[in-house]
Amino acid sequence: MYTLLSGLYKYMFQKDEYCILILGLDNAGKTTFLEQSKTRFNKNYKGMSLSKITTTVGLNIGTVDVGKARLMFWDLGGQEELQSLWDKYYAECHGVIYVIDSTDEERLAESKQAFEKVVTSEALCGVPVLVLANKQDVETCLSIPDIKTAFSDCTSKIGRRDCLTQACSALTGKGVREGIEWMVKCVVRNVHRPPRQRDIT
Amino acid sequence: MIEVVAELSRGPVFLAGEALECVVTVTNPLPPTATSASSEALAWASAQIHCQFHASESRVALPPPDSSQPDVQPDSQTVFLPHRGERGQCILSTPPKILFCDLRLDPGESKSYSYSEVLPIEGPPSFRGQSVKYVYKLTIGCQRVNSPITLLRVPLRVLVLTGLQDVRFPQDEAVAPSSPFLEEDEGGKKDSWLAELAGERLMAATSCRSLHLYNISDGRGKVGTFGIFKSVYRLGEDVVGTLNLGEGTVACLQFSVSLQTEERVQPEYQRRRGAGGVPSVSHVTHARHQESCLHTTRTSFSLPIPLSSTPGFCTAIVSLKWRLHFEFVTSREPGLVLLPPVEQPEPTTWTGPEQVPVDTFSWDLPIKVLPTSPTLASYAAPGPSTSTITI
């Protein structure tokens, strides 16, 4: 009977843990997106002032609980020199959020190049990818169709995986919740990358 | 184990607007023949210059920091925050520059990287005052894969010469015979051009010599005349003044003159207190001259401005001003009483009066102190230009 109760307790309270990488060029808004996510999904979290966010070197870690799933975000530095470190995290991750700066038309080609490397990596085979067209609060930003056109070369290289392009503004929070809920749905149903299971203790 | 050494090529003192150059050398110190030798790997290294601001809570009333919105992960060991663990708040930082990424070092191998960054011209100077401190550092962050970030700190001293922002200001040809703008054509020499311009600007400001005379009087008459040739100085210079007491009608027994700085918290940031509160103004004496001068006709003094002190400056929170602070002790009685009588019918022993009623008064003369060349200022504190850490 003790074993049954113990097992029942674990079943009711365990959280499936998924690691989500947040990638993209520097200044695309990755850390702002992470900060906004923590604010929106964690009731007691007091976010930092978004204006205080500076260039990330290293790894910002954030945790978000959505239903029975726990997302552990790894927000990696996006400077060109740091992109060679991204692949060190691929094997352990369950999802990728790729953030694009919709206002930076000049660097769109550069962003596409980096994105192509991400989706063609063997270590990320089958991993869901959420593409966020960020900074949609800016009047003069590129629209989703514009961005899809710029990234059209990559369509054939995405391979067999869940993929969604979502308009968003990390600054205002628009599109953030929808994106994360989509990601949760995808990582949960992806049988090829089972979650890390953590008992709540 | 990996050894990281950071070396400033020209000493730790810089002028705002100048480029700071630092060589970072990463070494796997095991000899190649060691049995336990293996190659070492570093994920990345990055460098950033930052300025920490710290205010005394008993003197300065800062608006409460947004406690509802703290800095992102202030104790995070996975993201490079140059001010992690530092006192005060970071008020200025340059963008991080990546020195290397994915470095592998074989036993005995060394690699060197060059960091160069212009010190922001809009920042405050380095300053360690009673109410406020501004502390500059170059911080280098290194991380092994799957390890916390290690921080290597290099202390800096930053001097600020105001007016360098408007570098297009026309130059006085008499003081600068060679035009600084000629060198601007050689693109690569922009930094030395700035240092040269600063040097010329300093020379122009501090070379102007004309005698300024001040009458020194107390309530009862003239004490003497004070003469000084300059009102603008550079760090390291001597303040020279001349006191003429021979023509005074009031006898001066003793005087002192102190070279002082006055640190004052701006009114909107002063801590309001009742009686006995900590003052929002504080003074530091850098040099002092004291002299008994009852029978002195003329005297002079020379007070050195320490190279390690801070030139005058003003920020939104605090201002620092320089001055000569005089204190005079004057006799309340006519001067003749203090002298032996001229004619005596028979020899006798004369003694000075045992008690003399005196007055004291003080007088402050503001002066201006500007920076000097950073190379010269480096001599003041031959601190380490090299910092080392082991990962």
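Which residue forms a salt bridge with D26(A)? The model that holds the answer is a predicted one. In it, D26(A) pairs with R107(A), and the closest N and O atoms of the two are 2.9 Å apart. Side chains of opposite charge can pair when their charged atoms come close. The two partners are not neighbours along chain A. D26(A) sits in the loop between β1 (15-23) and α2, while R107(A) sits in the loop between β4 (95-101) and α3 (108-119), so the salt bridge ties together parts of chain A that are 81 residues apart in sequence. Over all chains, the structure holds 25 salt bridges.

The helix α2 of chain A, which follows the loop of D26(A), leads to the next point. Two packed helices are described by the angle between their axes and the distance between the axes. For helix α2 (residues 30-41) and helix α5 (residues 176-189) of chain A, the axes come within 10 Å and cross at roughly 85 degrees. That angle makes α2(A) roughly perpendicular to α5(A). On the α2(A) side the contact is made by F33(A), Q36(A), S37(A), R40(A) and F41(A). On the α5(A) side the residues are V176(A), R177(A) and I180(A). By type, the residues of this contact divide into 4 nonpolar, 2 polar and 2 charged.

Now consider where the two chains meet. Chain B gives 18 residues to the contact and chain A gives 20 residues. Between them the chains bury about 1700 Å², with 57% of this area on carbon and sulfur atoms. How many salt bridges does the rule find across the interface of chain B and chain A? It finds 1. The partners are K88(A) and D102(B), whose closest N and O atoms are 3.1 Å apart. On the side of chain B that touches chain A, the elements that give two or more residues are β4 (40-55) and β6 (97-105) of chain B. The residues of that side of chain B divide into 10 nonpolar, 6 polar and 2 charged. The interface also has 4 residue pairs in polar contact, counted with both residues at pLDDT 80 or more.

D102(B) deserves a second look. This residue is found in strand β6 of chain B, and its phi is near 60 degrees, a positive value in a residue other than glycine. Chain A offers another case: phi of K135(A) is near 65 degrees, again positive in a residue other than glycine. K135(A) is found in the loop between β5 (129-134) and α4 (144-150) of chain A.

The last stop is the start of chain B. M1(B) is placed in the segment before β1 (3-8). Its C-alpha atom is separated by 5.7 Å from that of I391(B), although the two residues are 390 residues apart along the chain. Leaving aside neighbours within four places in sequence, M1(B) is in contact with several residues, including T27(B), N28(B), P29(B), E40(B) and R144(B), as well as T390(B) and I391(B).

Terms used: Residues are numbered from 1 along each chain as its sequence is written. Chains are lettered from A and ligands numbered from 1 in the order in which they are written. This is a predicted model: local features need pLDDT of at least 70, side-chain atom pairs count only at pLDDT 80 or more; totals for chains, interfaces and linings use all residues. Side-chain values use heavy atoms; hydrogens and water are left out. Contact means heavy atoms within 4.5 Å. Buried area is the accessible area (1.4 Å probe) that two parts lose on being put together, summed over both. A salt bridge is a side-chain nitrogen of Lys or Arg within 4 Å of a carboxyl oxygen of Asp or Glu. A polar contact is a pair of N or O atoms within 3.5 Å; within protein, one must be able to donate a hydrogen and the other to accept it, and residues adjacent in sequence count only if both atoms are side-chain atoms. Helices (H or I, at least four residues) and strands (E, at least two) are DSSP runs, numbered from the N terminus. Ala, Val, Leu, Ile, Met, Phe, Trp, Tyr, Cys and Pro count as nonpolar, Asp, Glu, Lys and Arg as charged, and the others, Gly among them, as polar. Axes are lines fitted to C-alpha atoms, for helices over the stretch in contact, and angles run from 0 to 180 degrees between N-to-C directions. Angles under 35 degrees count as roughly parallel, over 145 as roughly antiparallel, 65 to 115 as roughly perpendicular and the rest as oblique.
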